[in-house]
Amino acid sequence: MELRTTNICMKNFKSRLPDVTFYSRESEAACGPRGSVVGFSGSVSEKMLSGLHYPGCPEARLRSLREKLPCREVQAGTLLAIMGEPEQYCYPSIFIYGHRATGKSHVILTLLKELELPHAAVSCVECVSAGLLFEQTLLALFGADSAALLPRLPSLSDFVRVYRQVCAQQPAKQTRYIVLERAELLRDMEANLLPGLLRLQELVDDNVAVILLSEIVWDKFRPNTGCFEPLLLHFPDYTKAELLQILSLDSNPSYTPELYSSYINILLGVFYSVCRDLRELRHLAALNFSKFCEPLEKGEAKEGNTHKLWRNIEPHLKRAMQTVYLREVSSVQWGQQQMDEKEATALRGLSALAHVELPYYSKFLLIAAYLASYNPARTDRRFFVKHHGKMKKTSFLKKHEKTSNHLLGPKPFPLDRLLAIFYSVVDSRVAPTASVFSQISSLVTLQLLTQVGHDDQLDTPKYKCAVSLDFILAISRTVSFDIVRYLYDFI
Amino acid sequence: TPRHATPSIPTRSLPARKPENVLEEARARLHVSSVPESLPCREQEFQDIYSFVESKIMDGTGGCMYISGVPGTGKTATVHEVIRSLLQAAEQDEIPHFRFIEINGMRMTDPHQAYVQILQKLTDQKATADHAAALLEKRFSMPAPKKETTVLLVDELDLLWTRKQNVMYNLFDWPTRRHARLVVLTIANTMDLPERIMMNRVASRLGLTRMSFQPYNFKQLQQIITSRLNRVKAFEEDALQLISRKVAALSGDARRCLDICRRATEICEHSGQQGGTKLVGMSHVMEALDEMFSSSYITAIRCASLQEQLFLRAVIAEFRRLGLEEATFQQVFVQHQGLCRMEGLQPISVSEGLAVCQRLGACRLLLLEPSRLDLLLRVRLNVSQDDVLYALKAD
């Protein structure tokens, strides 16, 4: 049954897709159907590259469509070929994958909207339960009456039943599309949801196609019990030239397009090595353009003087990489700062605000915890006992340890060791009062310490120190304690 | 689904076909659902159960009996036979009248449903599980002079197990009441069920009246088939003997035996279409036995694609190298690439390799972890290495 439907589907549009090679894998006989990878690189002929074809669609609309999908003509063409004419049956499920911001949802949604095909676009992030997903799908495809037919906690079989019921009243004249964005979240829902959606066409017996969009490859989706294999479609990353072309489209009306594209060129020169995300780049381009235009407005440079403009903007962009790109400084702050013409480093970022004011003994407790976490216990005698007698120098010498403890991360330590180190590093006599112990547990609630192995709360609990070296250095400076002298890694 | 829909089997529009030739006649008689005229080879057990129940009915007392045995040894059929002849005897006024109730653990969604079903069958009353338990408790502990004995058959007893074992406890406790007049016959597969899963106070109430049904030996199986066939001449004598010997050697399951017989008649019918009717011979039986008993895994491996067979070979090679029965996909894939080169094939990509691996996992030749681990997913064989090697070597 399974095999038969696939073959029929494949036959249907192998005839429609003369130029796309289907790499069907070996052994049709072994266990049922499998998807085919539609390759873009070598297998698509020049004819398809030349533009989009869609039967029964005016040429003008196709042209406007082409303008809306810059640098994605090949993919759009393939998609159109797979979708076929509206009344033809589409392949039951298509899986589209590619990196973030490679135009997956943009292409498919633009196509569906422009060609006015019935479709439901659902983001799986919004659907915390499968019920919401079903409801939204029915709402978009058939209107509010149909969604009301679903019971309170709908299962996949309820969805299929309601779909068939409504579909009997409004039979499909065109292929209906269900677009599921962020499809990787479907794996965490019920186990039968993803396999069910992949063969929805067969289940509801209607001309419906499910399109899954994801950043993850299909191999990580496949259920252990097997499923109907969708058609795999890859959206490759934009190249530098393509990014340039796309970003240059939104030029500022008060300047020439050439100036804007030279600005984008500079921006890509700085950022392309760290970021290829179209959305990030567009955001950065919008943020920094006013700074780029400053010399022009002041009259210090002309549009043709590219070198001067580059000299002006380049350090600014490099600073932006460390601040606004990492969201240390918010975009609003960054914009204001450009307006006020302040020096960019004057602003303190988010990470500079990480300083925490702690009580006196808490600071020492934290220091002691840090020392206990990052020093091996055998060196405690050497560091913390005042008159430690004669210690062989050789025994203390670092055994051929490959990596430092700071690379391995903190190690757990018992409460006794923490207190022993604490009494050693605090100069005055501290009574082990309730407040000292409550400070330890409040350090845990502040997430500066973490408790390891929650099996035993009272009797010899174990902790780990969860702060960075910079943080502890700042703390120890406030109590004028030289922590570096006590750290085994830095001796 | 509609609210008050009761699922039902679709009704037959045409009357059932009459068997046209000997083979069809034989097939109808050999079907598991056709009730035989008598149960051969279980006369002793029949007698024991009959006298147990009969004595309880005559005395107006209650009691429990535990019946065990592997599947297909005729436990349920024998008990039904006993009840049938007891009902006949009651009709002829040889023994006092009694009521017979049957429940099956497999047919319940929840062990506590047992109360509901018993109550409904006793009094046509519908109640919740708790209420039904209370009503039954009252019914069985109150004296009622005109009450007739109730015989309760509990099939698939092990499914009535609950954490507190209150369902089992009640079922075995009611017969011990003075006024209950309840006989409970329980059926399960394992002999030591009372010792294994029941608490002491439950097991002691079940009592020591136990009976175990031994698996049939080949003579008994042969007798069962001949009695079922009842002078319909469809089988050669040797063929029957082969079937019964094979089944007796493996399980002694009468149902299995009947299945094989029916399949053999079908094969005979297919092969003998041109030459009219003839007897089921040795060759047909051999073919049927082969179909029933041969492992489907080996066939699956033989029918797998080249890359899948290579992958299985890579799995075994990797196990040999590691000396373990488990490897990650990554390790197996490296072996696979090597094997591809050795065979002169184009090495496949990781995605294709993973697809091959997961396809083998989907037909349970391999045991796999969830696919989201991709390279790190651990691979184990679900069949023995010898089977795989045998299947791969044969061609």
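The side chain of B:K233 reaches the backbone oxygen of B:F235 at 3.2 Å, and this lysine makes a good starting point for a tour of the structure. Please keep in mind that this is a predicted model.

**Around B:K233**

Where does B:K233 lie? It sits in the loop of chain B that runs between α9 (218–229) and α10. Setting aside neighbours within four places in sequence, B:K233 is in contact with B:V22 and B:L279. B:V22 is 211 residues away from B:K233 along the chain, yet their C-alpha atoms are separated by 7.2 Å.

**Helices that pack in chain B**

The loop that holds B:K233 leads to α10 of chain B, so to speak our next stop. Two packed helices are described by the angle between their axes and the distance between the axes. Here are two such pairs from chain B:

| Helix pair in chain B | Angle | Axis distance |
|---|---|---|
| α10 (residues 237–250) and α11 (residues 254–271) | about 145° | 10 Å |
| α4 (residues 113–123) and α6 (residues 166–173) | roughly 35° | within 10 Å |

The crossing of α10(B) and α11(B) is right-handed. On the α10(B) side, B:L240, B:I243, B:S244 and B:V247 take part, and they meet B:R256, B:C257, B:I260 and B:C261 of α11(B). By class, this contact has 6 nonpolar residues, 1 polar and 1 charged.

In the other pair, α4(B) brings B:A114, B:Y115 and B:I118 to the contact, while α6(B) brings B:N166, B:V167, B:N170 and B:L171. The contact of α4(B) with α6(B) divides into 5 nonpolar and 2 polar residues, with no charged ones.

**Where chain A meets chain B**

Now let us turn to the two chains together. How many residues does each chain give to the contact? Chain A gives 16 residues and chain B gives 21. About 1,600 Å² is buried between chain A and chain B, and carbon and sulfur atoms give 44% of that area. Of the area that chain A buries against chain B, A:D219, A:K220 and A:N224 supply 36%, more than any other three residues.

One of these residues, A:K220, also forms a salt bridge with B:D374, in which the closest N and O atoms are 3.5 Å apart. The count between chain A and chain B is 2 salt bridges. Across the interface there are also 7 residue pairs in polar contact, both residues being at pLDDT 80 or more. On the side of chain A that touches chain B, 9 residues are charged, 4 are polar and 3 are nonpolar.

How values were computed
Residues are numbered from 1 along each chain as its sequence is written. Chains are lettered from A and ligands numbered from 1 in the order in which they are written. This is a predicted model: local features need pLDDT of at least 70, side-chain atom pairs count only at pLDDT 80 or more; totals for chains, interfaces and linings use all residues. Side-chain values use heavy atoms; hydrogens and water are left out. Axes are lines fitted to C-alpha atoms, for helices over the stretch in contact, and angles run from 0 to 180 degrees between N-to-C directions. Helices (H or I, at least four residues) and strands (E, at least two) are DSSP runs, numbered from the N terminus. A crossing is left-handed if the near helix is turned anticlockwise from the far one by less than a right angle, and right-handed if clockwise. Contact means heavy atoms within 4.5 Å. Ala, Val, Leu, Ile, Met, Phe, Trp, Tyr, Cys and Pro count as nonpolar, Asp, Glu, Lys and Arg as charged, and the others, Gly among them, as polar. Buried area is the accessible area (1.4 Å probe) that two parts lose on being put together, summed over both. A salt bridge is a side-chain nitrogen of Lys or Arg within 4 Å of a carboxyl oxygen of Asp or Glu. A polar contact is a pair of N or O atoms within 3.5 Å; within protein, one must be able to donate a hydrogen and the other to accept it, and residues adjacent in sequence count only if both atoms are side-chain atoms.
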